[in-house]
Amino acid sequence: MTRTNDIILRATTTLIAFIILGFSIYLFFAGHNAPGGGFIGGLMTSAAFVLMYMAYGIRSMEKILPINFRYVIPVGLIIALGTGIGSFIFGQPFLSQTYAYFQLPILGKTELATALLFDLGVYLTVVGITMTIILTIANDRS
């Protein structure tokens with residue numbers, strides 16, 4: 001199937017995907033203090049990736065973004081499980097949270113919480129699962 005009039009889709013996809021990815025990062029970092037977190041951030045990231053796959057095609061995106069999303073799922077699960085088990089090392093109940101303030105070069109004094117690590121695991125798991133499902137359905141040629 002040839003696609004002849006996709007110049008508008010490709011031109012707007014670049015801007016829209018950038019905005020969606022930026023918003024997903026904001027949602028990811030806002031998650032432990034406000035609505036958001038790893039789940040919705042992962043869904044937003046997947047939405048940006050799907051938009052790019054629709055505009056540029058699977059073959060082009062595999063060259064630009066050479067990620068096998070099936071390997072992202074266990075990495076996310078290991079990170080999420082590791083944060084829960086890590087609390088046992090410090091004699092705390094499963095999935096206990098702690099936080100501290102750090103002086104970061106660009107951001108200044110910033111609060112970092114262990115919930116952020118758990119959210120990272122959820123984020124990676126959601127992106128991996130969502131993209132695996134969508135790309136599997138898209139590649140099904142039966």
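This report walks through a predicted model of one protein chain, from its overall layout to a few individual residues.

**Ground rules**

The model is predicted, so local features are described only where pLDDT is at least 70 and side-chain atom pairs only at pLDDT 80 or more, while totals for chains, interfaces and linings use all residues. Residues are numbered from 1 along each chain as its sequence is written, and side-chain values use heavy atoms, leaving out hydrogens and water.

**The overall layout**

Let's begin with the whole chain. It contains 5 helices and 2 strands; these are DSSP runs numbered from the N terminus, with helices being H or I runs of at least four residues and strands E runs of at least two. Starting at the N terminus, the order of elements is α-α-α-α-β-β-α. Along the principal axes, the C-alpha atoms fill a box of roughly 60 × 35 × 25 Å.

Of the 142 residues in the chain, 36% are buried. Here, buried means under 20% relative accessible area, exposed means over 50%, and partly exposed lies in between, using a 1.4 Å probe and protein chains only. Contacts, meaning heavy atoms within 4.5 Å, often span the sequence: among those between residues at least 6 apart, 64% join residues at least 24 apart.

How confident is the predictor, and what is the mean pLDDT of the chain? The mean is 87, and 94% of the residues reach 70 or more, on a per-residue confidence scale from 0 to 100. Confidence is highest in H2, at 94, and lowest in strand S2 (residues 108-113), at a mean of 81.

**Helix H2 and the core**

Helix H2 covers residues 38-56. Its 19 residues reach 27 Å from first C-alpha to last, close to the 27 Å expected at 1.5 Å a residue; the expected span is 1.5 Å times one less than the number of residues. After H2 comes Gly57, with a positive phi near 90°.

Many residues of H2 are listed as buried, including Gly38, Gly42, Thr45, Phe49 and Tyr53. The elements covering the buried residues of H2 include H1, H3, H4 and H5. One buried residue of H2 is Ser46, which counts as buried because its relative accessible area is 1%. Leaving out residues up to four places away in sequence, Ser46 touches Val126, Val127, Thr130 and Met131.

A nonpolar core is a set of buried Ala, Val, Leu, Ile, Met, Phe, Trp, Tyr and Cys residues joined through side-chain atoms within 4.5 Å. The largest one here has 19 residues, and those with the most contacts inside it are Phe49, Tyr53, Phe69, Val127 and Met131. H1, H2, helix H3 (58-64), helix H4 (69-89) and H5 each supply at least two residues of this core, and H2 gives the most, with 6 residues. Val127 is in contact with Gly42, Thr45, Ser46, Phe49 and Phe69, leaving aside neighbours within four places.

Thr132 lies in helix H5 and is buried, with a relative accessible area of 15%. Which residues does Thr132 touch, not counting those up to four places away in sequence? They are Phe69, Arg70 and Ile73. Thr132 and Ile73 are 59 residues apart in sequence, yet 9.2 Å apart in space, C-alpha to C-alpha.

**Aromatic rings**

The whole structure holds 6 aromatic pairs. Rings of Phe, Tyr and Trp (its six-membered ring) pair if their centres lie within 6.5 Å; planes under 30 degrees apart are stacked, over 60 edge-to-face, and the rest tilted. Two of the pairs are shown here.

| Pair | Type | Centre to centre | Angle between planes |
|---|---|---|---|
| Phe28 and Tyr123 | tilted | 5.3 Å | 55° |
| Tyr99 and Tyr101 | edge-to-face | 6.0 Å | 90° |

The pair of Phe28 and Tyr123 links distant parts of the chain, with Phe28 in helix H1 (residues 7-30) and Tyr123 in helix H5 (residues 114-139), 95 residues apart. Both Phe28 and Tyr123 are buried, and ring pairs join Phe28, Phe29 and Tyr123 into a cluster.

By contrast, Tyr99 is partly exposed, at 49% relative accessible area, and Tyr101 is also partly exposed, at 49%. The charged end of Lys109 sits over the ring of Tyr101, 5.3 Å from its centre; this requires NZ of Lys or CZ of Arg within 6 Å of the ring centre and within 35 degrees of the ring normal.
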